[in-house]
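Student: I have a model open and would like to learn how to read it. Could you walk me through it, one feature at a time?

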Amino acid sequence: MATRAIWKGSISFGLVHIPVALHSATVNTDLDFDWLDKRTMDLVGYRRINKKTGEEIEAENIIKGIACADGRYVVLTDEEIKVAYPKAAQTIAIDSFVPNAQIPFVYLERPYYLEPINKGEKVYALLRDALLKSQRVGVARVVIQNKQHLAVLVPSGPGLILNLLRWGDEIRSWEDLDLPPEGPKAAGVSDQELTMARLLIDDMSGRWDPHEFTDSFKRDILALVERKVQAGQLPSMLQPDAATPDTAPIPFGAQILNLTDLLQRSLRGGRATPHSSSPAAGIDSPKGKRKARALPNKKSPDAVEPDDRAHPAPVKRQTA
């Protein structure tokens, strides 16, 4: 593997230990917008500012504190914080094995690749294949950079992926959201509508290929930057074009007046392109010749899907 290992330790379950190296599974491709002084085009940096007085504070005068309910702070020293740091045991300690479709996507946070080291290939393969056969994933705890994480160990193709999870109290409950009741009958969906919706899903089904999707915002911004460089417009300000009717956003008040008709038209091949304003937007080319579909400029959890089945929704829990 070309990347540099960021952590070395072992997977531990029962009496079994598998020596592994941890490699980042993602690459940061976000656009880096620098702050500039428009008068001189000089870089504008970050400063430590007292929010009450507006004065800049020297590093030696900054301490750490936790806010209390009454607005006051409890001050903690670096030594006190260091004592509370979890001990780095260099071990991915598996607590239990759970069905691979039981962890909702909302809990997945950041994936890492695990590579066997120190002649651990055979037992690595044993755990990978046993998890695949049993359709299980391992729920584990691991300490990385003085921080304890909940994680899930997922078999995927020839390797094992360690995906860091959000803790239970980090997930908000959706009890206060106005969601339709569960079940088609309770939600007012007819059997005919449900059947046609399933036919439409089957018709649009395919294998997951991440290369079909592109970040159109990043592509367009980089193309604009290149045009400005070629034209010698380095100090100019960005002047976005006015939205045309073809690219105008879909109004939030749009309603589906006839769901059955919409599904029938979709099944007859009347699906709109991804850039259409129709609520039934889908693929824009024949099966086997799909074009890349642009993703919205929005971050999402780095989720690894253990198998082809969808994860269930998170269970209702008390708000932290």
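Tutor: Gladly! Let's start with confidence: pLDDT is the predictor's confidence in each residue, from 0 to 100. We need that score because this is a predicted model.

Student: What is the mean pLDDT of the protein chain?

Tutor: The mean is 74, and 68% of the residues reach 70 or more. Two stretches deserve your caution. Residues 242-257 stay under 50 in pLDDT, and the model gives them four contacts beyond four places in sequence. Residues 295-320 are also below 50, yet that stretch has 60 contacts in the model beyond near neighbours in sequence.

Student: How many helices and strands are there in the protein chain?

Tutor: You will find five helices and 13 strands. As for how the chain comes together, take the contacts between residues at least 6 apart in sequence: 65% of them join residues at least 24 apart.

Student: What share of the residues is buried?

Tutor: Here a cut-off helps: buried means under 20% relative accessible area, exposed means over 50%, and partly exposed is in between. Of the 320 residues in the protein chain, 23% are buried. The chain exposes about 24200 Å², with carbon and sulfur atoms supplying 54% of that area.

Student: Let's try one residue. Is isoleucine 66 buried or exposed?

Tutor: Isoleucine 66 is exposed, because its relative accessible area is 52%. You can find isoleucine 66 in strand 5, which covers residues 64-67. Together with Val74 and Leu76, Ile66 forms a nonpolar patch on the surface, and the three have about 240 Å² of accessible area together.

Student: Now for charges. How many salt bridges does the structure hold?

Tutor: The general idea is that side chains of opposite charge can pair when their charged atoms come close. This structure holds five salt bridges. One of them joins the side chains of aspartate 95 and arginine 141, at 3.0 Å from N to O. Aspartate 95 is in strand 7 (residues 91-99) and arginine 141 in strand 9 (residues 136-144), so this pair ties together parts that are 46 residues apart in sequence. Arginine 141 has a relative accessible area of 38%, so it counts as partly exposed.

Student: Which residue forms a salt bridge with arginine 128?

Tutor: That partner is aspartate 129, and the closest N and O atoms of the two are 3.0 Å apart. Arginine 128 is buried, with a relative accessible area of 17%, whereas aspartate 129 is partly exposed at 36%.

Student: And what about arginine 219 and aspartate 220?

Tutor: Their side chains meet in a salt bridge too, at 3.3 Å from N to O. Arginine 219 is partly exposed, with a relative accessible area of 47%, and aspartate 220 is partly exposed at 43%.

Student: How far apart are the end C-alpha atoms of helix 4?

Tutor: They are 21 Å apart. Helix 4 runs over residues 216-230, and at 1.5 Å a residue its 15 residues should span 21 Å, so the model agrees with the expected value. Just after helix 4, look for glycine 232, which takes a positive phi of about 70 degrees.

Student: One last residue, please. Where does leucine 199 lie?

Tutor: Leucine 199 lies in helix 3, residues 191-203. With a relative accessible area of 45%, leucine 199 is partly exposed. To compare sequence with space, pick glutamine 264: leucine 199 and glutamine 264 are 65 residues apart in sequence, and their C-alpha atoms are 9.8 Å apart.

Terms used: Residues numbered from 1 in each chain as written. Predicted model: local features only at pLDDT ≥ 70, side-chain atom pairs only at ≥ 80, totals over all residues. Heavy atoms only, no water. Patch = residues over 30% accessible without salt bridge, like charges linked within 9 Å, V, L, I, M, F, W, Y side chains within 5 Å. Areas by Shrake-Rupley, 256 points an atom, 1.4 Å probe, with all protein chains shown as cover. Salt bridge = Lys/Arg side-chain N within 4 Å of Asp/Glu carboxyl O. Helix = DSSP H or I, 4+ residues; strand = E, 2+ residues; numbered from the N terminus. Buried < 20%, exposed > 50% of the residue type's maximum accessible area, 1.4 Å probe, protein only. Contact = heavy atoms within 4.5 Å. Expected span 1.5 Å × (residues − 1).
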